[in-house]
Amino acid sequence: MQTPMLQFEKVCKTYPSPQGPYRVLDGFDLGVHKGEFVSIIGHSGCGKSTALMMAAGLLDISGGYIFLAAQEITGPGPDRGVVFQSPSLLPWLTALENVLLGVDQVYPHGTRQQRRDIAAYYLTRVGLGDSLHKKASDLSTGMKQRVGIARAFALKPKVLLLDEPFGMLDSLTRVELQEVLLEVWYTEKITAVMVTHDVDEAIFLSDRVVMMTSGPKARVGDILKIGFSRPRSRKDVMEHPDYYRYRGRLIDFLEGAEKKPVEEPKADLPSSSKNKNNASQPIELGESLV
Ligand SMILES: Nc1ncnc2c1ncn2[C@@H]1O[C@H](COP(=O)(O)OP(=O)(O)O)[C@@H](O)[C@H]1O
Ligand SMILES: [Mg+2]
(Lines give C-alpha, C1' and ligand atoms only; values in the text may rest on other atoms or scores of the structure.)
(Ligands and ions follow the chains in the order given, each with its own letter.)
Protein backbone atom coordinates (compact mmCIF):
# COMPACT_ATOMS: atom_id res chain seq x y z
CA MET A 1 0.00 0.00 0.00
CA GLN A 2 1.16 3.53 -0.85
CA THR A 3 2.77 5.55 1.97
CA PRO A 4 0.40 8.36 3.00
CA MET A 5 1.44 11.89 2.05
CA LEU A 6 0.56 13.03 5.56
CA GLN A 7 0.56 10.63 8.44
CA PHE A 8 -0.35 11.12 12.08
CA GLU A 9 0.96 8.26 14.16
CA LYS A 10 -0.22 7.88 17.77
CA VAL A 11 -0.10 11.65 18.13
CA CYS A 12 -0.71 13.09 21.60
CA LYS A 13 -0.95 16.65 22.79
CA THR A 14 -0.95 17.86 26.36
CA TYR A 15 -1.46 21.51 27.28
CA PRO A 16 -0.60 22.91 30.67
CA SER A 17 -3.68 24.12 32.55
CA PRO A 18 -4.18 25.59 36.03
CA GLN A 19 -5.50 22.18 37.11
CA GLY A 20 -2.47 20.38 35.71
CA PRO A 21 -1.64 18.83 32.34
CA TYR A 22 -4.64 18.61 30.01
CA ARG A 23 -4.48 15.81 27.45
CA VAL A 24 -6.33 17.10 24.37
CA LEU A 25 -5.33 14.37 21.91
CA ASP A 26 -4.32 10.84 22.73
CA GLY A 27 -3.44 8.31 20.06
CA PHE A 28 -4.58 10.36 17.07
CA ASP A 29 -3.93 8.16 14.01
CA LEU A 30 -4.68 9.23 10.46
CA GLY A 31 -3.14 8.71 7.04
CA VAL A 32 -3.98 11.10 4.20
CA HIS A 33 -3.02 9.96 0.71
CA LYS A 34 -1.50 12.01 -2.07
CA GLY A 35 -4.16 14.04 -3.85
CA GLU A 36 -6.82 13.21 -1.29
CA PHE A 37 -9.22 15.77 0.23
CA VAL A 38 -9.96 14.87 3.84
CA SER A 39 -12.18 16.83 6.22
CA ILE A 40 -12.04 16.60 9.98
CA ILE A 41 -15.22 17.28 11.91
CA GLY A 42 -15.86 17.19 15.62
CA HIS A 43 -17.26 19.30 18.40
CA SER A 44 -15.76 22.63 19.31
CA GLY A 45 -12.77 22.18 21.59
CA CYS A 46 -12.09 18.54 20.73
CA GLY A 47 -8.65 19.35 19.31
CA LYS A 48 -9.15 19.77 15.55
CA SER A 49 -7.06 22.94 15.30
CA THR A 50 -4.48 21.42 17.61
CA ALA A 51 -4.04 18.45 15.24
CA LEU A 52 -3.81 20.72 12.20
CA MET A 53 -1.37 23.16 13.78
CA MET A 54 0.91 20.31 14.80
CA ALA A 55 0.92 19.17 11.16
CA ALA A 56 1.73 22.76 10.17
CA GLY A 57 4.69 22.60 12.55
CA LEU A 58 3.34 25.57 14.48
CA LEU A 59 2.74 23.58 17.64
CA ASP A 60 4.92 21.02 19.42
CA ILE A 61 3.85 17.41 19.59
CA SER A 62 3.70 15.85 23.06
CA GLY A 63 3.91 12.26 21.80
CA GLY A 64 3.84 10.26 18.58
CA TYR A 65 4.91 11.41 15.12
CA ILE A 66 3.65 13.30 12.11
CA PHE A 67 5.23 12.53 8.75
CA LEU A 68 4.96 14.52 5.53
CA ALA A 69 6.11 12.56 2.48
CA ALA A 70 7.81 10.13 4.89
CA GLN A 71 9.80 12.94 6.59
CA GLU A 72 9.09 13.66 10.23
CA ILE A 73 7.65 17.12 10.79
CA THR A 74 9.73 19.12 13.25
CA GLY A 75 8.72 22.69 12.41
CA PRO A 76 6.94 24.88 9.87
CA GLY A 77 7.93 24.88 6.20
CA PRO A 78 6.82 26.01 2.74
CA ASP A 79 5.84 22.43 1.89
CA ARG A 80 2.65 23.09 3.89
CA GLY A 81 0.16 25.79 2.91
CA VAL A 82 -2.04 26.94 5.75
CA VAL A 83 -5.40 28.70 5.40
CA PHE A 84 -7.00 30.05 8.55
CA GLN A 85 -10.44 31.61 9.13
CA SER A 86 -9.01 35.02 8.35
CA PRO A 87 -6.05 35.24 6.03
CA SER A 88 -3.82 37.79 7.86
CA LEU A 89 -2.90 39.91 4.84
CA LEU A 90 -0.76 43.01 5.04
CA PRO A 91 -3.45 45.68 4.60
CA TRP A 92 -1.23 48.27 2.88
CA LEU A 93 -0.17 45.84 0.13
CA THR A 94 -2.26 44.89 -2.90
CA ALA A 95 -3.75 41.44 -3.43
CA LEU A 96 -0.93 40.67 -5.86
CA GLU A 97 1.79 41.89 -3.51
CA ASN A 98 0.37 39.82 -0.66
CA VAL A 99 0.53 36.64 -2.73
CA LEU A 100 3.97 37.61 -4.06
CA LEU A 101 5.36 37.75 -0.52
CA GLY A 102 5.07 33.97 -0.32
CA VAL A 103 5.87 33.27 -3.97
CA ASP A 104 9.12 35.27 -3.75
CA GLN A 105 10.29 32.97 -0.97
CA VAL A 106 9.35 29.74 -2.68
CA TYR A 107 10.64 30.63 -6.16
CA PRO A 108 13.71 32.76 -5.39
CA HIS A 109 15.37 31.73 -8.66
CA GLY A 110 12.50 32.72 -10.95
CA THR A 111 12.47 36.14 -12.58
CA ARG A 112 10.31 38.86 -11.05
CA GLN A 113 7.96 38.55 -14.02
CA GLN A 114 7.63 34.77 -13.56
CA ARG A 115 6.77 35.23 -9.91
CA ARG A 116 4.21 37.90 -10.72
CA ASP A 117 2.67 35.61 -13.34
CA ILE A 118 2.29 32.82 -10.79
CA ALA A 119 0.66 35.13 -8.25
CA ALA A 120 -1.63 36.68 -10.89
CA TYR A 121 -2.56 33.23 -12.22
CA TYR A 122 -3.78 31.97 -8.85
CA LEU A 123 -5.56 35.21 -8.04
CA THR A 124 -7.37 34.94 -11.37
CA ARG A 125 -8.26 31.32 -10.62
CA VAL A 126 -9.99 32.39 -7.41
CA GLY A 127 -11.92 35.11 -9.25
CA LEU A 128 -9.77 38.13 -8.40
CA GLY A 129 -8.34 38.77 -11.87
CA ASP A 130 -9.85 42.27 -11.84
CA SER A 131 -8.66 43.08 -8.31
CA LEU A 132 -4.96 42.27 -8.47
CA HIS A 133 -3.98 45.82 -7.63
CA LYS A 134 -6.58 46.53 -4.97
CA LYS A 135 -5.21 47.12 -1.50
CA ALA A 136 -6.00 44.30 0.92
CA SER A 137 -7.65 46.85 3.24
CA ASP A 138 -10.17 47.63 0.46
CA LEU A 139 -11.21 43.99 -0.03
CA SER A 140 -14.33 42.38 1.48
CA THR A 141 -13.89 39.47 3.90
CA GLY A 142 -14.76 37.02 1.13
CA MET A 143 -12.23 38.58 -1.24
CA LYS A 144 -9.56 38.49 1.44
CA GLN A 145 -10.19 34.81 1.92
CA ARG A 146 -9.89 34.32 -1.86
CA VAL A 147 -6.45 35.93 -1.60
CA GLY A 148 -5.64 33.52 1.26
CA ILE A 149 -6.61 30.54 -0.90
CA ALA A 150 -4.66 31.86 -3.91
CA ARG A 151 -1.61 32.42 -1.72
CA ALA A 152 -1.75 28.88 -0.33
CA PHE A 153 -2.01 27.27 -3.80
CA ALA A 154 0.62 29.56 -5.33
CA LEU A 155 3.22 28.13 -2.96
CA LYS A 156 2.63 24.68 -4.51
CA PRO A 157 2.81 22.99 -1.11
CA LYS A 158 2.78 19.21 -0.63
CA VAL A 159 -0.25 19.58 1.59
CA LEU A 160 -2.86 22.24 2.23
CA LEU A 161 -4.05 22.61 5.82
CA LEU A 162 -7.32 24.53 6.09
CA ASP A 163 -8.75 25.43 9.50
CA GLU A 164 -12.41 26.37 9.10
CA PRO A 165 -11.49 28.54 6.12
CA PHE A 166 -15.06 29.69 5.52
CA GLY A 167 -16.09 30.06 9.14
CA MET A 168 -16.23 33.86 9.06
CA LEU A 169 -18.21 34.17 5.85
CA ASP A 170 -21.93 34.62 5.25
CA SER A 171 -23.60 31.55 3.82
CA LEU A 172 -23.75 32.80 0.23
CA THR A 173 -20.06 33.70 0.11
CA ARG A 174 -19.28 30.46 1.88
CA VAL A 175 -20.96 28.43 -0.82
CA GLU A 176 -19.19 30.44 -3.53
CA LEU A 177 -15.80 29.92 -1.96
CA GLN A 178 -16.38 26.21 -1.47
CA GLU A 179 -16.81 26.01 -5.26
CA VAL A 180 -13.66 28.09 -5.82
CA LEU A 181 -11.63 25.88 -3.50
CA LEU A 182 -12.99 22.70 -5.06
CA GLU A 183 -12.27 23.87 -8.58
CA VAL A 184 -8.69 24.97 -7.91
CA TRP A 185 -8.03 21.88 -5.82
CA TYR A 186 -9.40 19.62 -8.56
CA THR A 187 -6.92 20.95 -11.13
CA GLU A 188 -3.97 21.13 -8.74
CA LYS A 189 -4.71 17.88 -6.85
CA ILE A 190 -2.81 19.05 -3.79
CA THR A 191 -3.39 16.83 -0.77
CA ALA A 192 -5.78 18.75 1.48
CA VAL A 193 -6.89 18.45 5.08
CA MET A 194 -9.69 20.75 6.16
CA VAL A 195 -11.20 21.26 9.58
CA THR A 196 -14.86 22.21 9.48
CA HIS A 197 -17.99 22.29 11.63
CA ASP A 198 -20.17 22.07 8.59
CA VAL A 199 -21.41 18.61 7.66
CA ASP A 200 -22.62 19.66 4.19
CA GLU A 201 -19.33 21.38 3.41
CA ALA A 202 -17.44 18.25 4.46
CA ILE A 203 -19.57 15.98 2.25
CA PHE A 204 -19.42 18.26 -0.78
CA LEU A 205 -15.64 18.71 -0.72
CA SER A 206 -14.17 15.53 0.68
CA ASP A 207 -13.04 12.09 -0.34
CA ARG A 208 -13.22 11.08 3.32
CA VAL A 209 -14.65 12.71 6.43
CA VAL A 210 -12.84 12.01 9.66
CA MET A 211 -14.99 12.19 12.79
CA MET A 212 -13.17 13.07 15.98
CA THR A 213 -14.35 11.95 19.38
CA SER A 214 -15.01 14.69 21.93
CA GLY A 215 -12.10 15.52 24.19
CA PRO A 216 -10.26 15.17 26.36
CA LYS A 217 -8.04 12.47 24.88
CA ALA A 218 -9.72 12.88 21.52
CA ARG A 219 -8.81 10.67 18.61
CA VAL A 220 -10.28 9.53 15.33
CA GLY A 221 -13.65 7.97 16.12
CA ASP A 222 -14.75 6.96 12.64
CA ILE A 223 -14.11 7.70 9.00
CA LEU A 224 -16.76 8.07 6.31
CA LYS A 225 -15.78 7.58 2.69
CA ILE A 226 -17.62 9.89 0.30
CA GLY A 227 -18.11 8.05 -2.96
CA PHE A 228 -19.31 10.88 -5.25
CA SER A 229 -17.39 11.10 -8.51
CA ARG A 230 -15.41 14.20 -9.48
CA PRO A 231 -15.68 16.84 -10.72
CA ARG A 232 -18.67 17.41 -8.48
CA SER A 233 -21.58 19.74 -8.84
CA ARG A 234 -23.46 20.77 -5.75
CA LYS A 235 -26.78 20.00 -7.39
CA ASP A 236 -25.77 16.46 -8.35
CA VAL A 237 -24.33 15.82 -4.91
CA MET A 238 -27.42 17.08 -3.10
CA GLU A 239 -29.78 15.13 -5.32
CA HIS A 240 -27.83 11.90 -4.95
CA PRO A 241 -29.60 9.29 -2.79
CA ASP A 242 -26.37 8.70 -0.81
CA TYR A 243 -26.23 12.32 0.28
CA TYR A 244 -28.77 11.94 3.08
CA ARG A 245 -27.26 8.66 4.16
CA TYR A 246 -23.84 10.33 4.54
CA ARG A 247 -25.38 13.30 6.28
CA GLY A 248 -27.27 11.04 8.67
CA ARG A 249 -24.10 9.13 9.56
CA LEU A 250 -22.19 12.31 10.37
CA ILE A 251 -24.99 13.87 12.36
CA ASP A 252 -25.58 10.66 14.31
CA PHE A 253 -21.91 10.59 15.17
CA LEU A 254 -21.87 14.21 16.31
CA GLU A 255 -25.02 13.74 18.36
CA GLY A 256 -23.53 10.62 19.93
CA ALA A 257 -20.35 12.53 20.73
CA GLU A 258 -22.40 15.34 22.27
CA LYS A 259 -23.94 12.97 24.78
CA LYS A 260 -20.50 12.04 26.05
CA PRO A 261 -20.04 13.65 29.46
CA VAL A 262 -16.71 15.55 29.50
CA GLU A 263 -16.20 18.66 27.34
CA GLU A 264 -14.39 21.25 29.40
CA PRO A 265 -10.64 21.09 30.02
CA LYS A 266 -9.85 19.07 33.09
CA ALA A 267 -6.56 17.85 34.40
CA ASP A 268 -5.76 14.22 33.66
CA LEU A 269 -7.02 12.07 36.49
CA PRO A 270 -4.82 9.39 37.98
CA SER A 271 -5.53 6.21 36.04
CA SER A 272 -7.13 4.50 39.06
CA SER A 273 -9.94 7.09 39.14
CA LYS A 274 -10.66 7.15 35.41
CA ASN A 275 -14.19 6.48 34.34
CA LYS A 276 -14.10 3.56 31.94
CA ASN A 277 -17.00 5.03 29.95
CA ASN A 278 -15.75 8.56 29.59
CA ALA A 279 -15.31 10.59 26.42
CA SER A 280 -11.80 9.33 25.83
CA GLN A 281 -13.24 6.11 24.42
CA PRO A 282 -13.66 6.10 20.65
CA ILE A 283 -17.25 5.83 19.56
CA GLU A 284 -18.01 2.59 17.80
CA LEU A 285 -19.99 2.98 14.63
CA GLY A 286 -19.32 -0.42 13.24
CA GLU A 287 -16.97 0.62 10.44
CA SER A 288 -13.32 -0.19 10.85
CA LEU A 289 -10.92 2.68 11.43
CA VAL A 290 -8.53 3.52 8.63
N1 LIG B 1 -2.46 27.05 23.97
C2 LIG B 1 -3.34 26.37 24.71
N3 LIG B 1 -3.17 26.20 26.04
C4 LIG B 1 -4.04 25.49 26.77
N5 LIG B 1 -5.16 24.90 26.27
C6 LIG B 1 -5.38 25.03 24.95
C7 LIG B 1 -4.49 25.77 24.10
N8 LIG B 1 -4.97 25.73 22.83
C9 LIG B 1 -6.10 24.99 22.90
N10 LIG B 1 -6.34 24.57 24.17
C11 LIG B 1 -7.48 23.74 24.60
O12 LIG B 1 -7.38 22.52 23.89
C13 LIG B 1 -8.67 22.08 23.49
C14 LIG B 1 -8.70 21.89 22.00
O15 LIG B 1 -8.57 23.13 21.34
P16 LIG B 1 -8.66 23.28 19.76
O17 LIG B 1 -7.64 22.39 19.14
O18 LIG B 1 -8.60 24.72 19.45
O19 LIG B 1 -10.12 22.70 19.47
P20 LIG B 1 -11.06 22.79 18.18
O21 LIG B 1 -10.25 23.35 17.05
O22 LIG B 1 -11.52 21.39 17.94
O23 LIG B 1 -12.21 23.68 18.54
C24 LIG B 1 -9.66 23.13 23.99
O25 LIG B 1 -10.20 22.67 25.21
C26 LIG B 1 -8.81 24.34 24.20
O27 LIG B 1 -9.32 25.15 25.23
MG1 LIG C 1 -10.49 25.16 15.97
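The exercises below, each with a worked solution, concern a predicted model of a single structure.

**Exercise 1. Describe the overall make-up of the chain: how many helices and strands are there, and what percentage of the residues is buried?**

Begin with the secondary structure, which comes to eight helices and 10 strands. Next, consider burial across the 290 residues of the chain, of which 39% are buried. Finally, turn to the contacts with a sequence separation of 6 or more: residues 24 or more positions apart account for 73% of them.

**Exercise 2. Determine whether the two faces of strand E3 are covered or open, and identify the strands to which E3 is joined by bridges.**

Take the strand as a whole first: E3 spans residues 37–41, and five of its five residues are buried. Then separate the two faces, with Phe-37, Ser-39 and Ile-41 on one side and Val-38 and Ile-40 on the other; since these residues are all buried, both faces count as covered. The bridges can now be followed in two directions. Toward strand E8, residues 191–195, there are four bridges and the strands run parallel, with Ser-39 standing opposite Met-194. Toward strand E9, residues 208–212, there are likewise four bridges in a parallel arrangement, and here Val-38 has Arg-208 as its bridge partner.

**Exercise 3. For helix H5, compare the span with the expected value, and work out how its buried residues are placed around the axis.**

The helix covers residues 171–188, and its 18 residues reach 26 Å from the first C-alpha to the last, which is close to the 26 Å expected at 1.5 Å a residue. The buried residues of H5 are Leu-177, Gln-178, Leu-181 and Trp-185. Because these four cover an arc of only 115° around the axis, they lie on the same side of H5. The opposite check concerns the face turned away from that buried side, which carries the exposed residues Leu-172, Tyr-186 and Thr-187. As for what the buried residues pack against, the partners are E3, helix H4 (141–154), E8 and helix H6 (199–205). The step just beyond the helix is also worth recording, as Lys-189 takes a positive phi of about 55° there.

**Exercise 4. Establish the strand order of the open sheet that contains E1, and state which strands form its edges.**

Four strands form this open sheet, in the order E2-E1-E4-E5, and their pairing is antiparallel. The edges are strand E2 (22–32) and strand E5 (71–72), each of which pairs on one side only. Looking at one pair in detail, strand E1 (residues 6–15) is joined to E2 by seven bridges, and the bridge partner of Gln-7 in E2 is Gly-31.

**Exercise 5. Find the residues that come nearest to ligand 1, and characterise the shell around the ligand.**

The shell holds 13 residues, of which Tyr-15, Gly-45, Lys-48, Ser-49 and Thr-50 come nearest. Sorted by character, the shell divides into four nonpolar, eight polar and one charged. Sorted by element, the largest share, three residues, comes from helix H1 (residues 48–55).

**Exercise 6. Classify His-43 and Ser-214 as buried or partly exposed, and relate each to a residue distant in sequence.**

His-43 lies in the loop between E3 and H1. With 19 other C-beta atoms within 10 Å, His-43 is partly exposed, because the buried class requires 20 or more. Its C-alpha is 7.4 Å from that of His-197, although 154 residues separate them in sequence. Ser-214, in the loop between E9 and strand E10 (220–225), has 26 other C-beta atoms within 10 Å and is therefore buried. Between the C-alpha atoms of Ser-214 and Leu-25 the separation is 9.7 Å, for residues 189 apart along the chain.

**Exercise 7. Locate the backbone features at Pro-231, Lys-10 and Ala-69.**

Start with the peptide bond between Arg-230 and Pro-231, which is cis, with omega about -5°; Pro-231 is placed in the loop between E10 and helix H7 (234–239). Lys-10, although not a glycine, has a positive phi of about 50°; this residue lies in strand E1 and is partly exposed, with 13 C-beta neighbours inside 10 Å. Ala-69 has a positive phi near 45°, lies in the loop between strand E4 (63–68) and E5, and is partly exposed, with 14 other C-beta atoms within 10 Å.

Technical notes
Residues are numbered from 1 along each chain as its sequence is written. Chains are lettered from A and ligands numbered from 1 in the order in which they are written. This is a predicted model: local features need pLDDT of at least 70, side-chain atom pairs count only at pLDDT 80 or more; totals for chains, interfaces and linings use all residues. A residue is buried if 20 or more other C-beta atoms lie within 10 Å of its own, exposed if 12 or fewer, and partly exposed in between; C-beta atoms are placed from the backbone. Two strands pair if DSSP finds at least two bridges between them. A residue is near a molecule or strand if its C-beta atom, placed from the backbone, lies within 6 Å of it. Ala, Val, Leu, Ile, Met, Phe, Trp, Tyr, Cys and Pro count as nonpolar, Asp, Glu, Lys and Arg as charged, and the others, Gly among them, as polar. The expected span of a helix is 1.5 Å times one less than its number of residues. The arc is that of the directions from the helix axis to the C-beta atoms. Two residues are in contact if their C-beta atoms, placed from the backbone, lie within 7 Å.
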